[in-house]
Amino acid sequence: MSGHDTTNPGNQLHGLYKMLSTFVSDDAHVVEVGSFEGVSTELLARYCHQGKIWSIDPYEKAYEIDSEFAQEGRDAVLKARVVAAKRLKSYENVKQLILTSAAAVGAVTDRTLDLVYIDGDHRRPGIRFDLRAWMPKLVDGGVLAGHDYGDAVIKEEVDEFLSEVHTFSDGTWAARITY
Ligand SMILES: C[S@@+](CC[C@H](N)C(=O)[O-])C[C@H]1O[C@@H](n2cnc3c(N)ncnc32)[C@H](O)[C@@H]1O
């Protein structure tokens, strides 16, 4: 994993990398909800180099629907879109979808994904929606995962919805889904 220091536990990629190496194969079909500058997307692309990553982020609407980025304003969100496109352009296994999670999920066939990584709208209705809408898209034995388990709202919603949750050093959480 050259290019990013995944050896530092404070690095947000450390836990994501550990989660991938624990639960996910390199040919996985993955949806990421929330790309921002594409940092986690790039790690997913490198790890799942034989697979496929669909990375979903609406960008131009994000300043309205994600309070964290409301403070930073529209310019920061538009810059993130440009940064992500530049970072990800050489990865043939990545498809960026400039959509909200809700707009994208209906186009995905049930039981087709190996991993869904949720890091989008962190407000309670957002994480509630993402957990419930994306879980049926996983194959039997697929992995529902995300970021910011240290956020009280995320932890409450994840713990209420999933029974056996694994957590990692950077706030990554994951659960294997069996039907
Ligand atoms: C914390 S950032 C993602 C960081 C990224 N996963 C990483 O680790 O590099 C959250 C992103 O979620 C996006 N977002 C907010 N609401 C969303 C929604 N309803 N659907 C998809 N993405 C959303 C925001 O635009 C923002 O870019």
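What percentage of the 179 residues in the protein chain do buried residues make up? Buried residues account for 42% of the chain, a residue being buried if 20 or more other C-beta atoms lie within 10 Å of its own, exposed if 12 or fewer, and partly exposed in between, with C-beta atoms placed from the backbone. This is a predicted model, in which local features need pLDDT of at least 70 and side-chain atom pairs count only at pLDDT 80 or more, while totals for chains, interfaces and linings use all residues. Residues are numbered from 1 along each chain as its sequence is written.

**View 1. The open sheet of seven strands and its edges.** The protein chain contains eight helices and seven strands; helices (H or I, at least four residues) and strands (E, at least two) are DSSP runs, numbered from the N terminus. The strand order is β3-β2-β1-β4-β5-β7-β6, with mixed pairing, where two strands pair if DSSP finds at least two bridges between them. At the edges stand β3 and β6 (166-167), each of which pairs on one side only.

**View 2. Strand β2 between its partners β1 and β3.** Four of the five residues of β2 (residues 52-56) are buried, leaving the strand mostly covered. Five bridges link β2 in the parallel sense to β1 (residues 29-33), and S55 of β2 is the bridge partner of E32. From β1 the chain passes through helix α2 (residues 39-47) to β2 in a right-handed β-α-β crossover; right-handed denotes that, with the strands pointing away from the viewer, the path from the first strand over the helix to the second runs clockwise. Pairing of β2 with β3 (residues 94-97) is also parallel, over four bridges, and here S55 stands opposite Q96.

**View 3. Helix α2, the helix of the crossover.** Seven of the nine residues of α2 are buried, and the helix is mostly covered. The buried positions are S40, T41, E42, L43, L44, A45 and Y47.

**View 4. Strands β4 and β5 with helix α7.** β4 (113-118) and β5 (138-146) run parallel and are joined by five bridges; A145 in β5 is the bridge partner of Y117. Helix α7 (residues 124-134) lies across β1, β4 and β5 and runs at about 180° to β4, axes being lines fitted to C-alpha atoms, for helices over the stretch in contact, with angles from 0 to 180 degrees between N-to-C directions. Within α7, G126, I127, F129, D130, L131 and W134 are buried. These buried residues pack against β1, α6 (101-105), β4, β5 and α8 (152-161), two residues being in contact if their C-beta atoms, placed from the backbone, lie within 7 Å.

**View 5. L115 and C48 in the largest nonpolar core.** Among the 42 residues of this core, V30, V31, L44, C48, L115, V116 and A145 touch the most other members; a nonpolar core is a set of buried Ala, Val, Leu, Ile, Met, Phe, Trp, Tyr and Cys residues joined through C-beta atoms within 7 Å. L115 lies in strand β4 and is buried because 26 other C-beta atoms lie within 10 Å. Not counting residues up to four places away in sequence, L115 touches V24, A28, V30, G142, V143 and A145. L115 and I53 are 62 residues apart in sequence, with 9.4 Å between their C-alpha atoms. With the same exclusion of residues up to four places away, C48 touches V24, D26, D27, A28, V30, I53 and N93.
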